[in-house]
Amino acid sequence: MTRPPVVAAGQGLSAPAAIIRHAVLLITGVLILVPFVWMVSLSLKPPGEIFRASFSFFPQQWYAVQNYTRALTEAPLPQYMLNGFVVCAVILIVQILVCAPAAYALAKLEFKGRHLLFGLVLIGLLIPHQVLALPLFILGYQFGILNTYAALVFPFVVSPFGIFLFRQFFKAIPDDIVHAARLDGLSELAIVWRIMVPMALPAVIAFSIFSVVSHWNDLFWPLIAVRDENLMPPSLGIMAFKNEEAGNDYGPLMAASTLIVLPLAVAFIAAQRWFIEGLTTGAIK
């Protein structure tokens with residue numbers, strides 16, 4: 001399948017406009033990176049250097065081994081991160097299993113109420129998750145799943161954003177491919193999993209990054225759903241680490257925060273090409 005050429009970034013802009021745009025992007029990028037750089041810097045310093053008036057990235061006395069050792073030993077940080085991997089992986093798998101067929105139906109099947117259903121999906125994008133916290137909590141209590149892994153997963157089984165993203169990508173795939181698959185005797189579900197999803201791999205990767213980052217960093221719902229320390233994901237576990245272990249000793253706390261952020265940064269850097277393609281391809285007509 002041939003795709004229309006994509007205009008390169010900055011092409012067609014005058015030199016002053018391109019310089020201004022890149023300057024704005026550079027300044028914005030620096031502002032976003034400063035807190036992360038500061039976090040890494042503090043994780044390398046002893047307590048006496050953390051609150052100095054002058055800032056320097058490298059410490060005068062290296063305290064990295066002590067801080068990272070305490071972060072890994074004085075609180076069950078590996079258990080928190082393992083919980084995060086399990087919860088994020090289960091949520092992502094279930095979301096893809098639900099969102100891909102739903103998006104295919106909205107993109108390629110003709111039935112009454114299709115546009116109404118898609119409108120409801122868009123409304124779902126506008127509703128903050130916090131609005132649904134109370135009914136979800138009551139539902140979890142009725143099912144008896146609070147303070148379990150299931151409580152961390154079930155509110156996120158359906159992702160309106162995932163349905164929207166996959167639908168936009170599926171609509172960019174020619175209908176002739178779907179018709180040919182039907183002529184070959186494939187069922188609609190077989191078309192979804194054997195043709196549409198493999199062709200939409202960039203969208204799957206982009207959605208995976210969004211999903212994992214969102215639920216890895218989620219604090220609001222885990223704070224409501226679980227109390228057992230052995231079930232806490234990283235975002236909630238780091239609060240317990242701060243309150244119980246670190247106190248005002250911010251070096252180990254920043255070391256723990258760095259370790260929690262590191263997997264997300266590595267995953268995004270490794271998948272950034274597919275991430276960008278997954279967000280842009282569905283918009284190309």
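Here are some questions and answers about this predicted model.

User: Hello! To start with the overall fold, how many helices and strands are there in the protein chain?

Analyst: Happy to help. Read along the sequence, the chain follows the pattern α-α-α-α-α-α-α-α-α-α-α-α-α-α. The count is 14 helices and zero strands.

User: What share of the contacts in the protein chain with a separation of 6 or more comes from residues 24 or more positions apart?

Analyst: For background, the chain has 285 residues, and buried residues make up 39% of them. Among contacts with a separation of 6 or more, the share from residues 24 or more positions apart is 72%.

User: Is Cys 88 buried or exposed, and which class does Cys 99 fall into?

Analyst: The cut-off for buried is under 20% relative accessible area. Cys 88 has 3%, so it falls below that limit. Cys 99, at 0% relative accessibility, does so too. Cys 88 is therefore buried, and Cys 99 also counts as buried.

User: How many disulfides does a search of the whole structure find?

Analyst: A disulfide here needs a pair of cysteine sulfur atoms within 2.5 Å. Searching the whole structure for disulfides gives a count of zero.

User: Where on helix α3 do the buried residues fall: on one face or scattered?

Analyst: Helix α3 spans residues 64–73, and its buried residues are Ala 64, Asn 67, Tyr 68 and Ala 71. Seen down the axis of α3, these fall within an arc of 90 degrees, so they line one face of the helix.

User: Which exposed residues does α3 carry on the face turned away from its buried side?

Analyst: Opposite the buried side of α3 there is a face with exposed residues. Those residues are Val 65 and Thr 73.

User: What about α6, and which helix do its buried residues pack against?

Analyst: In α6, residues 133–143, the buried positions are Ala 133, Leu 136 and Gly 140. They cover an arc of only 65 degrees around the axis, which puts them on the same side of α6. The face turned away carries the exposed residues Leu 134, Tyr 141 and Gln 142. The helix that the buried residues of α6 pack against is α12 (220–225).

User: Which residue other than glycine has a positive phi near 60 degrees?

Analyst: Just after α6, Gly 144 takes a positive phi of about 70 degrees, but that residue is a glycine. The loop between α6 and α7 (149–153) holds the residue you want. With a relative accessible area of 22%, this residue is partly exposed. The residue with phi near 60 degrees is Asn 147.

User: How are α10 and α11 oriented to each other: roughly parallel or roughly perpendicular?

Analyst: Two packed helices are described by the angle between their axes and the distance between the axes. The axes of α10 (residues 188–199) and α11 (residues 201–216) come within 4 Å and cross at roughly 70 degrees. Angles of 65 to 115 degrees count as roughly perpendicular. The two helices α10 and α11 are therefore roughly perpendicular.

User: Which residues in α10 and α11 meet, and how many nonpolar, polar and charged residues does the contact have?

Analyst: On the α10 side, the residues are Val 197, Pro 198 and Met 199, and they meet Leu 201, Pro 202 and Val 204 in α11. By class, the contact has six nonpolar, no polar and no charged residues.

User: Which residues does Met 199 touch, not counting those up to four places away in sequence?

Analyst: Met 199 is placed in helix α10 and counts as partly exposed at 29% relative accessibility. Its C-alpha atom is separated by 8.6 Å from that of Phe 170, 29 residues apart along the chain. The residues Met 199 touches are Phe 169, Ile 173 and Ile 177.

User: Which residues does Phe 161 touch, with the same sequence neighbours left out?

Analyst: Phe 161 lies in helix α8 (residues 160–171), and at 28% relative accessibility it counts as partly exposed. Phe 161 and Phe 207 are 46 residues apart in sequence, with their C-alpha atoms 8.3 Å apart in space. Leaving out residues up to four places away, Phe 161 touches Leu 125, Phe 207 and Phe 210.

User: Finally, which residues is Ser 208 in contact with, leaving aside neighbours within four places in sequence?

Analyst: Ser 208 is in helix α11 and is buried, with a relative accessible area of 16%. The C-alpha atoms of Ser 208 and Leu 92 are separated by 6.6 Å, though these residues are 116 residues apart along the chain. The contacts of Ser 208 are Leu 92 and Ile 96.

Notes: Residues are numbered from 1 along each chain as its sequence is written. This is a predicted model: local features need pLDDT of at least 70, side-chain atom pairs count only at pLDDT 80 or more; totals for chains, interfaces and linings use all residues. Side-chain values use heavy atoms; hydrogens and water are left out. Buried means under 20% relative accessible area, exposed over 50%, partly exposed in between (1.4 Å probe, protein chains only). The arc is that of the directions from the helix axis to the C-beta atoms. Axes are lines fitted to C-alpha atoms, for helices over the stretch in contact, and angles run from 0 to 180 degrees between N-to-C directions. Angles under 35 degrees count as roughly parallel, over 145 as roughly antiparallel, 65 to 115 as roughly perpendicular and the rest as oblique. Contact means heavy atoms within 4.5 Å. Ala, Val, Leu, Ile, Met, Phe, Trp, Tyr, Cys and Pro count as nonpolar, Asp, Glu, Lys and Arg as charged, and the others, Gly among them, as polar.
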